[in-house]
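Let's take a walk through this one together, strand by strand. Have the structure open and turn it as you read.

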Amino acid sequence: MSRQPSVTKTLGVCTACGAYHAVRKFEDGSVYAIGSPQGCHCGASEFTIPDA
Ligand SMILES: [Zn+2]
C-alpha cells in the first residue's frame, strides 16, 4: 500500500494565451501541464483552473 498524494487531473487554462491544457493540480495549489514539461506552447508555464 503506497500513500497517494492529493493530485487532481483536470483541465487548466494558460494564464498568458488562454489555451486549454490537461494539467495536474497538487494539494498545495501548484499546477503542472501533463505531457508538456515546458508548459504552454506560447512560452508561459502558469495555468489556472477555470472551475476554481
Ligand atoms: Zn499559453
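**Following the sheet**

Start at the beginning of β1: Val-7 has Phe-26, in β2, as its bridge partner. What you're looking at is a predicted model, with a chain average pLDDT of 89 and 96% of the residues scoring at least 70. Strand β1 (residues 7-14) has the highest mean pLDDT among the elements, at 94, while strand β3 (residues 31-33) has the lowest, at 90.

Now follow β1 and β2 along their pairing. The two strands run antiparallel and are joined by seven bridges. A bit further on from Val-7 you'll find Lys-9, which sits opposite Arg-24 of β2. Together β1 and β2 make a hairpin with five residues between them, and in that turn Gly-18 has a positive phi of about 85 degrees.

Stay in that loop for a moment, since Ala-19 also lies there, between β1 and β2 (20-26). Is Ala-19 buried or exposed? Somewhere in between: Ala-19 has 14 other C-beta atoms within 10 Å, so it counts as partly exposed. Leaving aside residues up to four places away in sequence, Ala-19 touches Cys-14, Cys-40 and Cys-42. For a sense of distance, look back at Ser-2: it is 17 residues from Ala-19 along the chain, and their C-alpha atoms are separated by 34 Å.

Next, cross over from β2 to β3. These two are also antiparallel, with three bridges between them. Arg-24, which we met opposite Lys-9, stands opposite Tyr-32 in β3. The β2-β3 hairpin has four residues between its strands, and here Gly-29 takes a positive phi, near 100 degrees.

Then go back to β1 and look at its pairing with β4 (residues 47-48). Two bridges join this antiparallel pair: Val-13 stands opposite Thr-48, and Cys-14 has Phe-47 as its bridge partner.

Put the pairs together and you have the whole sheet. Four strands form an open, antiparallel sheet in the order β3-β2-β1-β4. Which strands stand at the edges? They are β3 and β4, and each has a single partner strand, so one side of each is left without a neighbour in the sheet. As for helices, the chain has zero of them alongside its four strands, and from the N terminus on the elements simply run β-β-β-β.

What about the interior? The largest nonpolar core has six residues: Cys-14, Val-23, Val-31, Ala-33, Cys-40 and Phe-47. Some of these are familiar by now, with Cys-14 and Phe-47 being the bridge partners between β1 and β4. As a general point, nonpolar side chains in soluble globular proteins tend to be buried together. Val-23 is a good place to look around: beyond residues up to four places away in sequence, its contacts include Val-31, Ala-33 and Phe-47, along with Thr-10, Leu-11, Gly-12, Tyr-32 and Ile-34.

Finally, zoom out. Buried residues make up 15% of the 52 residues in the chain. Of the contacts with a separation of 6 or more, 38% are between residues 24 or more positions apart. Taken along the principal axes, the C-alpha atoms fill a box of roughly 40 × 25 × 15 Å.

Note on methods: Residues are numbered from 1 along each chain as its sequence is written. This is a predicted model: local features need pLDDT of at least 70, side-chain atom pairs count only at pLDDT 80 or more; totals for chains, interfaces and linings use all residues. pLDDT is the predictor's confidence in each residue, from 0 to 100. A residue is buried if 20 or more other C-beta atoms lie within 10 Å of its own, exposed if 12 or fewer, and partly exposed in between; C-beta atoms are placed from the backbone. Two residues are in contact if their C-beta atoms, placed from the backbone, lie within 7 Å. A nonpolar core is a set of buried Ala, Val, Leu, Ile, Met, Phe, Trp, Tyr and Cys residues joined through C-beta atoms within 7 Å. Two strands pair if DSSP finds at least two bridges between them.
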